[in-house]
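User: I have a protein model open at the bench. Please take me through its charged pairs and its empty spaces.

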Amino acid sequence: MGCKPLGDLPGRAVLPRRSSVQWPKNDRLAVLLTFDCYGSEAVHVSKLMGTAFDYGPRRGVWHILESLDKLGVKATFNIPGVTAEAYPKTISAIAQAGHEVAALGYRYDPPWHMSEAEERQSIQKAVSALEGVVGHRPLGWRTPQSRPSFHTLPLLSELGFVWDSSLRNDEIPYIMEVDGGSLVEIPFGGACDDMNYWGGPFPTFSAASVLSVWEDELDVLYEEAHKQCSMFILCLHPFFVGAPVELSVLEQLVTRVKQLDGTWFARCGEVAAWWAQNRNWV
């Protein structure tokens, strides 16, 4: 078990020997579908960009929920508190379908410009808003733009969060020890973030080209998983991937994953619970 500092962030990363990591039921590859869901109410953008963002909670999420139900998989939706307040029926439908609802700030604003007190209040507002819509508080968090402040991780631990998925510094989860407690970090990013292809309001890559990239990522990780357990995590945005053509890409990818032996479709909370139970990996 190794401990490493988190760079400019407070705390230590507790890293197990990779070869000791195991997934439930002897599966080899954990597959996590995460959706960062928000509309123009959560961001400061031009009117044109704002209406593009609004497609996500207005229409895209409903397409995604239908597809996930058809495919028989569950996902994690990271949602700002203000989006839950603006689209309570949409967010409630996500939870009722058995998907995990996690927090994505109160607004889609990185907290690096906030004081510690302001950030604490923002996190508490996000918790209250989501709890008011879905009936239970979120246990997971993703920092908007993956830009946590020096205070973010200790505040999340203090305020009762179990996992965070804000950092982009590893390939598998790890325990973060911070003042007053710990969190399970579930890192993500790179080629598996759809924002890298469909930023816009207009697509910059074809759906077929994105599918090709994701299939390459899957192939390499699945091959690696035969030697040591691995993780394939997608960061998706309903205002992109909720559109019919882009959603067909996700459906094709998920269908292919389901045909592979030893894959575990998991919500972030399930991964965090498993990791915490096995935190004494050496």
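The questions and answers below cover salt bridges, a buried acid, a helix, a pocket and a cavity.

User: Which residues does the salt-bridge network with Arg 18 link?

Analyst: Note that this is a predicted model. The side chains of Arg 18 and Glu 171 meet at 3.3 Å, N to O. Those of Arg 18 and Glu 224 meet at 2.8 Å. Both distances are within the 4 Å cut-off for a salt bridge, and the network links Arg 18, Glu 171 and Glu 224.

User: How many residues apart in sequence are Arg 18 and Glu 224?

Analyst: The two side chains form a salt bridge. Arg 18 sits in the loop between strand 2 and strand 3, while Glu 224 belongs to helix 7. The pair links distant parts of the chain, with a separation of 206 residues.

User: And what does the salt bridge between Glu 171 and Arg 18 tie together?

Analyst: The side chains of Glu 171 and Arg 18 meet in a salt bridge. Glu 171 lies in the loop between strand 7 (163-164) and strand 8 (174-178), and Arg 18 in the loop between strand 2 and strand 3, so the pair ties together parts that are 153 residues apart in sequence.

User: Is Arg 18 buried or partly exposed?

Analyst: Glu 171 has a relative accessible area of 47%, so it is partly exposed. Glu 224, at 22%, is partly exposed too. Arg 18 has 17% relative accessibility. The cut-off for burial is under 20%, so Arg 18 counts as buried.

User: Which residue forms a salt bridge with Asp 219?

Analyst: The N to O distance of this pair is 2.5 Å. Asp 219 lies in helix 7 and its partner in helix 9 (residues 244-258), so the pair ties together parts 37 residues apart in sequence. Asp 219 has a relative accessible area of 36%, and the partner has 27%. That partner is Arg 256.

User: How far from Asp 27 is the nearest side chain of opposite charge?

Analyst: Asp 27 lies in the loop between strand 2 (9-15) and strand 3 (29-36). Beyond its sequence neighbours up to four places away, Asp 27 touches Cys 229, Gly 262, Thr 263 and Trp 264. Asp 27 is buried yet has no salt bridge. The nearest side chain of opposite charge is Lys 25, at 6.7 Å.

User: Which residue with a positive phi follows helix 3?

Analyst: Helix 3 spans residues 88-96. Its buried residues include Thr 90, Ile 91, Ser 92, Ala 93 and Ile 94. The residue that follows has a phi near 90 degrees, and it is Gly 98.

User: Which elements give two or more residues to the lining of the largest pocket?

Analyst: The largest pocket has a volume of about 200 Å³. Of its 14 lining residues, the closest to the centre are Glu 171, Gly 189, Glu 217, Leu 221 and Met 231. By class, the lining has eight nonpolar, two polar and four charged residues. The elements are helix 7 (207-225) and strand 10 (230-236).

User: Which helix gives the most to the lining of the largest cavity?

Analyst: The structure holds two cavities of 30 Å³ or more, and the largest has a volume of about 60 Å³. Its lining residues include Tyr 106, Arg 107, Glu 119 and Trp 141. By class, the lining has six nonpolar, three polar and three charged residues. The most, three residues, comes from helix 4 (residues 116-134).

Methods: Residues numbered from 1 in each chain as written. Predicted model: local features only at pLDDT ≥ 70, side-chain atom pairs only at ≥ 80, totals over all residues. Heavy atoms only, no water. Helix = DSSP H or I, 4+ residues; strand = E, 2+ residues; numbered from the N terminus. Buried < 20%, exposed > 50% of the residue type's maximum accessible area, 1.4 Å probe, protein only. Lys, Arg positive; Asp, Glu negative; His and termini not counted. Contact = heavy atoms within 4.5 Å. 1 Å grid on protein atoms, 1.4 Å probe; cavity = no way out; pocket = protein on both sides within 12 Å on 5 of 7 lines; lining within 4 Å. Points joined across faces, edges and corners; volume = space filled by probe spheres on them. Nonpolar A, V, L, I, M, F, W, Y, C, P; charged D, E, K, R; others polar.
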